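Here's a quick briefing to keep beside the viewer. Have a look around first, then read on for the details.

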Amino acid sequence: MLSFYNTLTKKNEEFKPINSPNVSMYICGPTVYDYFHVGNARTFVLADVIRKYLEYKGYNVKFVMNVTDIDDKIIKKANEEKNSTIDVATKYSIAFFEDLKNLRIKEATLYPKATDHIEDMINMIKTLVDKGFAYNVNGNVFFDVKRYKFYGKLSGKNIDELESGARVEINESKLQPLDFALWKKAKEGEPFWDSPWGKGRPGWHIECSAMGCKHLGETFDIHAGGNDLIFPHHENEIAQSEAATNKPFANYWIHFGFLNINKEKMSKSLGNFFTAREILEKFSPEAIRLFFLQAHYRGPLDFTDELLASAEKGLEKIKNLQDTIKNRLKKSNQKGVIPEFDFDSFEQKFNGVMDDDFNTPQAVSIIFDFIREINKAIAENNSIHIDFYKKINNFMEKIAGSVLGITKDKSLQTERDSLLEDKLIEILLDIRFKAKREKNYPLADEIRNKLVEVGITIKDTKDGTDYFRDN
Ligand code: AMP
Ligand code: ZN
């Protein structure tokens, strides 16, 4: 039975989807004005693992991640780069998708863009104005937080506390400091859309409400995001959606802890960040994922190169086992023993810890226990039946691969392997070249013939030797 912490109720709850086995899940995506940093990557990887675990359990997950492609930050960047907001958003959306792929994050079912949903947002704002939850001041429309009785239910604070504690924008035209913009009147030179309140653009919070309701329904199962979004973003999403529809917005709210640097949240504004692509140049995606998974998703995690390097080292155990299996699958046959090994008990342990609030640190240590025990079983037997290796392979692929994403990625491996292959062929051709120069023709021929045997043909030319792979 899967249960996890729900920020809304502030306790661990059994997961009961509205329409099992279907699960609807929404995660706040990026504002595409720059490359994303490793802190954002932590949130995206953790959401990916939760989604994959749900799929592993047999749920059919509709996973929606929005892309904010119009916002103050994008406008600012467009001015800096002397570019249009569309060009800025396109450039960084492309980078965003590349980085997700390189982190081995599974593609979302949908990536709705804010600018494709302006009409849905306007309709929701209209409903809020009609119902008296929102008011228009000179073309700016605000949500009236005092009209919504449950404001503060997610962050667990009441309005007075929030007003005194939060850094809220002072704005003469608002009734209360916590009221937030649903529609912003266009300023000179900014992109705008027509609306019943004049030319303008939507506020950030309404985007997620409109896109969540549109693609997942007025009530959906899971809404996720980083801790920093609890207030005000998610609090506001709940207020405006529930005020508009009279229905609960999302049943379960999952929030991820921060990735910190020297105990401080990694963030663009503090400037203490590394982009995901910078880190991907130094470490493998599997090591980055393992590093994230070794901490509980709700707690903070400190970013250091040393921790990533040690995750990379830990991965060697996984890679070594995978290489052993790959070799043995080629060589072994139906003869030999099938060692006694309780695969099911490892899988049950894995399920047990993941069912308990997605305890990935323990899940990872179960994988390492499994590897240790398997290596022992392999070492203790001289000749092992191929079925045993197949079972190991299935276990690793199903759990460490498909759910956690910490086994070697086959597509990347092919690329890396072929690079290595190229280098090895070149070394052999170099030796052959020297052999010929020393008139050692038997050795030169032997190299040629051996290469042909493994499917590589060579051709001497004036400029050196070319080689071709048979397919
Ligand atoms: P942003 O582009 O800042 O809206 O962030 C995109 C996602 O990354 C949101 O879900 C944020 O909560 C999350 N996020 C931002 N900074 C961090 C951090 N340092 N650690 C973990 N998650 C973060
Ligand atoms: Zn959102």
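What makes the arrangement of the four donor atoms around the zinc ion (ligand 2) irregular? The angles do: the four donor atoms subtend 74 to 132 degrees at the zinc ion (ligand 2), so the arrangement counts as irregular. For a tetrahedral label, all angles would have to lie between 85 and 135 degrees. Keep in mind that this is a predicted model.

**The zinc site**

- The zinc ion (ligand 2) gets its protein donors from Cys28 (SG), Cys208 (SG), His233 (NE2) and Glu237 (OE), which sit 2.0 to 2.5 Å from the metal.
- If you like to think in motifs, the spacing of these donors along the chain reads C-x179-C-x24-H-x3-E.
- His233 and Glu237 share helix α7 (residues 230-245), where they are four residues apart, or about one turn of the helix.
- Are His233 and Glu237 buried or exposed? Both of them are buried.
- For reference, the ideal angle for four tetrahedral donors at a metal is 109.5 degrees.

**How helix α4 packs**

- Helix α4 (residues 118-130) meets helix α6 (residues 204-216) with the axes coming within 9 Å and crossing at roughly 105 degrees.
- That crossing angle makes α4 roughly perpendicular to α6.
- On the α4 side, the contact is made by Asp120, Met121, Met124, Ile125 and Leu128, while α6 brings Ile206, Glu207, Ser209, Ala210, Cys213 and Lys214.
- Sorted by class, the α4 and α6 contact has seven nonpolar, one polar and three charged residues.
- Helix α4 also packs on α7, with the axes 9 Å apart and an angle of about 70 degrees.
- Here too the angle makes α4 roughly perpendicular to its partner, α7.
- Met124, Thr127 and Leu128 of α4 make this contact with Gln240, Ser241, Ala243 and Ala244 of α7.
- By class, the α4 and α7 contact has four nonpolar, three polar and no charged residues.

**Backbone oddities**

- As background, most residues other than glycine have a negative phi, and most peptide bonds are trans.
- The peptide bond from Ser20 to Pro21 is cis, with omega near 5 degrees, and Pro21 sits in the loop between β2 (11-14) and β3 (22-27).
- Another cis bond runs from Phe231 to Pro232, with omega near 0 degrees; Pro232 is in helix α7, the helix that also holds His233 and Glu237.
- Arg104 isn't a glycine, but has a positive phi, near 60 degrees.
- You'll find Arg104 in the loop between α3 (85-102) and α4, and its 15% relative accessibility makes it buried.
- Asn262 has a positive phi as well, near 50 degrees, and is a residue other than glycine.
- Look for Asn262 in the loop between β11 (259-261) and β12 (264-265); with a relative accessible area of 69%, it counts as exposed.

**Over at Ile378**

- Ile378 lies in helix α12 (residues 360-380) and counts as buried, at 9% relative accessibility.
- Which residues is Ile378 in contact with, leaving aside its neighbours within four places in sequence? They are Leu321, Thr324, Arg328, Ile384, Tyr389 and Ile392.
- For a sense of scale, the C-alpha atoms of Ile378 and Val129 are separated by 69 Å, and the two residues are 249 residues apart along the chain.

Key. Residues are numbered from 1 along each chain as its sequence is written. Chains are lettered from A and ligands numbered from 1 in the order in which they are written. This is a predicted model: local features need pLDDT of at least 70, side-chain atom pairs count only at pLDDT 80 or more; totals for chains, interfaces and linings use all residues. Side-chain values use heavy atoms; hydrogens and water are left out. Donors are N, O and S atoms within 2.8 Å of the metal (3.2 Å for Na, K and Ca); water is not among the atoms, so sites may look incomplete. Four donors count as tetrahedral if all angles lie between 85 and 135 degrees; four count as square planar and six as octahedral if opposite donors are over 155 degrees apart and all others between 65 and 115; anything else is irregular. Helices (H or I, at least four residues) and strands (E, at least two) are DSSP runs, numbered from the N terminus. Buried means under 20% relative accessible area, exposed over 50%, partly exposed in between (1.4 Å probe, protein chains only). Axes are lines fitted to C-alpha atoms, for helices over the stretch in contact, and angles run from 0 to 180 degrees between N-to-C directions. Angles under 35 degrees count as roughly parallel, over 145 as roughly antiparallel, 65 to 115 as roughly perpendicular and the rest as oblique. Contact means heavy atoms within 4.5 Å. Ala, Val, Leu, Ile, Met, Phe, Trp, Tyr, Cys and Pro count as nonpolar, Asp, Glu, Lys and Arg as charged, and the others, Gly among them, as polar.
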